[in-house]
Each structure stands twice: as structure tokens, then as C-alpha cells.
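Welcome! Please take a moment to look over the sequence and the 3D view before reading on.

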Amino acid sequence: MAKTNFRKEFPKLVKNVNGEQFEMDAEEYEATIALWEANEIEALAKQAEAQANATARAALLSKLGITAEEAQLLLS
Amino acid sequence: MAKQTFTTGQVLTAAQLTSLQQTAMLGGAASAKTASYTLVAADAGTAISMSSASATTITVNTALFAAGDTVQITNLGAGVCTITAGTATVNTSASLALAQYESGTLDFTSTSAAIFIKGAGATASSGLTFINRTVITAAATTTIDSLFSDTYENYRLEFYCQMGTSGSIPKLNFRYGTTTHSANYNYGFEGTSISGTASNVFNGSGLTSFSLEQVSSGGFATLNLFITRPASSGFLFANGFFNTPYKGITYGGGLQIASAQAWSGIVITTSAGTLTGGVTVYGMAKS
């Protein structure tokens with residue numbers, strides 16, 4: 001997942017309040033973009049961790065000389 | 001006035017004319033009954049009211065009425081009054097039972113058969129009541145207030161969304177007054193794919209929102225929640241199901257907000273980007 005340039009992609013943001021649409025003011029806009037950026041950093045970190053775990057798992061299976069299904073059988 | 005046979009040259013009294021006028025205008029006084037009753041020929045063209053706390057019957061027999069005769073029956077009592085076919089035939093497209101304050105008319109089609117035409121009666125007090133529908137078009141946040149109140153304890157919330165940014169997750173928070181609550185969200189949803197080979201879970205406790213985490217790879221989702229909102233103030237509970245095309249998974253689970261508040265609204269946000277979709281909320285009658 002590549003890092004998104006939210007400011008470029010969303011130069012303006014809309015909020016829906018009780019059925020009416022308004023453009024966010026500067027403070028709301030900055031808070032929302034900051035939240036999205038923080039969420040994306042967290043998601044990227046999770047993705048990197050998952051990829052590292054998958055690589056380590058594949059290396060271990062190769063070292064043991066068994067398949068993923070055989071490893072599941074051992075754990076069951 | 002009961003149906004009579006008038007003769008040529010007969011002089012009608014003022015009382016007879018008044019009674020005929022009342023019958024013609026459906027304004028005649030009803031013949032009041034307090035116990036089960038069998039119709040007689042003199043009831044043709046009249047109104048009968050039943051007042052009994054216990055169940056009663058109005059029995060209809062043959063060879064008393066002619067085609068075109070009518071008898072109006074109204075139940076004023078708490079006990080159900082049931083129109084009962086004695087020796088005559090009584091058909092209806094509705095029910096032959098009259099609850100309190102319900103009314104109907106026996107319309108005779110022959111000397112031995114009648115149709116019972118029942119009035120609409122009171123509307124059932126149970127069922128769903130529409131509260132709000134909000135359409136969302138490419139919005140970063142959607143706030144909907146005045147959804148929940150003491151009028152109902154249980155609600156149905158339907159939410160559908162199309163995420164505008166790949167990998168984005170919709171988030172649902174509840175509100176009380178003008179405050180968005182961002183703590184103590186506990187939930188657990190589990191799903192199995194159509195192929196039955198995958199089991200997925202999204203859950204957590206003490207979170208800042210209800211995050212529909214499995215939307216990210218599908219981009220589209222529907223959520224149906226059955227919400228229990230305590231009167232005045234208390235924890236909010238919900239259970240329901242959640243669909244997303246990601247791996248064709250349908251999730252079922254529950255949600256709790258472990259904070260006592262007078263819950264009144266929701267706010268929908270995303271982890272990134274905008275959301276297009278809609279929310280519909282219904283209240284369920286208390287009884």
C-alpha cells in the first residue's frame with residue numbers, strides 16, 4: 001500500500017450534518033487529514049509486520065522441509 | 001327502526017318518521033346488548049351494540065332476513081364479540097371477531113346467507129416506525145442527530161457504503177446530545193466465506209469507535225444493526241450482521257458501548273477518504 005497524498009487527492013472536504021452538506025472549515029480539514037495520515041501509517045505498519053511474518057513462516061517451513069498443510073496438521 | 005310492511009293509506013306517526021329518518025341516516029340508537037345474542041327478524045335495518053367484559057357471540061340464523069337487509073354490529077366491550085353462523089351462512093374477507101370499538105355490517109345476500117363487512121378498526125400498535133433516511137455523497141463525516149429517544153427502546157439501523165479510497169475502513173460512533181462518544185466500544189464479529197474455507201474475525205475492547213475492519217479490500221459494505229437503547233441513560237447494545245464482498249464473507253456479531261449515556265445519534269467517519277452511501281433508521285414499538 002503506497003502512501004497517499006490526501007491533501008492533493010482531497011483539496012476540499014465535505015461533512016454531512018443532519019442531511020445537509022457543508023464544506024469543512026480549515027480546522028476541521030486539518031484534523032481530518034491528520035487523522036487519515038495517522039491511520040494510514042498504522043495500516044502500513046501492520047501490513048509490513050504481516051509481510052515479515054509471512055516471510056519468516058515460509059523460511060521456517062523451508063528449513064523444516066514441510067508444507068503449510070503439514071504444519072497445520074502438526075498443530076491440530 | 002325494525003323493518004315494517006306499510007299498507008296503502010296508512011298514516012305514519014311523527015315517531016315512526018323520526019325513527020325511519022334515523023335509520024336512513026345511520027343515526028338510529030343502537031339496540032344495546034350485554035350478553036351473547038341471536039339475531040331476530042326485527043333487527044333488520046338496525047344497529048346492535050355489544051357491551052361485555054367477557055367474550056360474546058352474535059348468532060345469525062336462516063329464514064329471518066331478506067336479500068338486501070343489513071344489521072350493523074359494534075362492540076363496545078373489552079370482550080371480543082364474534083359473529084357466529086347459526087343456521088345461516090356468514091362469509092367475510094376479514095375476521096368475524098370484533099375487538100373493542102370495532103364494528104361491521106352484516107349484508108344479507110339471501111334469506112340464508114350474509115356477508116360480514118368489517119370496518120378497518122384500529123391500526124396495530126406494533127411494528128417498525130420510520131425515523132430517518134440520510135443519503136451520503138462523498139462526505140468525510142456524516143452526523144445524524146435526534147435518531148434515538150425514549151419513544152423506543154429498540155431500533156433497526158441499515159447502513160450501506162461505498163468507500164472512495166482503497167483500503168479505507170468505515171467507522172461508526174454513537175452520540176449523546178452534541179457529543180460524539182469515542183471510548184469503551186467493545187465488539188466481536190465473526191464470518192465465514194461462501195466457500196466455507198475461511199474464518200475471519202474482527203473484534204476488540206475499549207476501542208474509540210466501531211470499525212468495520214473487513215471492508216478495506218472490498219470497498220463496499222452493508223451493515224444491519226438491531227440496537228437496544230435503554231430508556232433515559234445506560235449502556236448501548238446492538239447485534240446484527242455485516243456483509244462485504246471481500247472473500248464473500250457475511251459476519252454476525254455484537255456491539256456494546258460500556259458507558260451510560262442518553263444515546264441520541266450517530267456519526268460516520270472513515271479511516272481515510274470519503275464515503276458514499278446511506279443510513280436508514282426505524283424504531284420498534286415497545287409492545
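The report below covers a helix, the contact between two chains, and a sheet.

## What kind of model this is

Before we start, please keep in mind that this is a predicted model.

## The helix α2 of chain A

Let's begin with helix α2 of chain A, which takes in residues 26-64. With 39 residues at 1.5 Å a residue, α2(A) should span 57 Å, and because its end C-alpha atoms are 57 Å apart, the expected and the modelled span agree. Right after α2(A) comes Gly65(A), a residue with a positive phi, near 75°.

How many of the 39 residues of α2(A) are buried? The count is three, so to speak of this helix as hardly covered is fair, given that a residue is called buried if 20 or more other C-beta atoms lie within 10 Å of its own. The buried residues are Thr32(A), Trp36(A) and Glu40(A). Their packing partner in chain A is α1 (6-9). As background, an α-helix has 3.6 residues a turn, so residues three or four places apart point the same way.

## Where chain A touches chain B

Now for the two chains together. On the chain A side, 17 residues are in contact with 14 residues of chain B. Two elements of chain A, β1 (14-17) and α2, each give two or more residues to this side. Which of the elements gives the most? That is α2(A), with five residues. Sorted by class, the chain A side that touches chain B holds eight nonpolar, seven polar and two charged residues.

The strand β1(A) also pairs across the chains: three bridges join it to strand β12 of chain B (residues 141-144), and the two strands run parallel. If you would like to find this pairing in the view, look for Lys15(A), whose bridge partner in β12(B) is Thr141(B).

## A six-stranded sheet in chain B

Chain B has an open sheet of six strands in the order β1-β3-β5-β9-β10-β7, with mixed pairing. Why is one side of β1 (31-33) and of β7 (89-91) in chain B left without a neighbour in the sheet? Both strands stand at the edges and each has a single partner strand, so there is no neighbour on one side of each. On average, neighbouring strands of this sheet are turned by 25° against each other, direction ignored.

At one of these edges, β1(B) is joined by three bridges to strand β3 of chain B (residues 47-50), and these two run parallel. Here you can look for Lys33(B), which has Met50(B) as its bridge partner in β3(B).

Technical notes:
Residues are numbered from 1 along each chain as its sequence is written. Chains are lettered from A and ligands numbered from 1 in the order in which they are written. This is a predicted model: local features need pLDDT of at least 70, side-chain atom pairs count only at pLDDT 80 or more; totals for chains, interfaces and linings use all residues. Helices (H or I, at least four residues) and strands (E, at least two) are DSSP runs, numbered from the N terminus. The expected span of a helix is 1.5 Å times one less than its number of residues. A residue is buried if 20 or more other C-beta atoms lie within 10 Å of its own, exposed if 12 or fewer, and partly exposed in between; C-beta atoms are placed from the backbone. Two residues are in contact if their C-beta atoms, placed from the backbone, lie within 7 Å. Ala, Val, Leu, Ile, Met, Phe, Trp, Tyr, Cys and Pro count as nonpolar, Asp, Glu, Lys and Arg as charged, and the others, Gly among them, as polar. Two strands pair if DSSP finds at least two bridges between them. Axes are lines fitted to C-alpha atoms, for helices over the stretch in contact, and angles run from 0 to 180 degrees between N-to-C directions.
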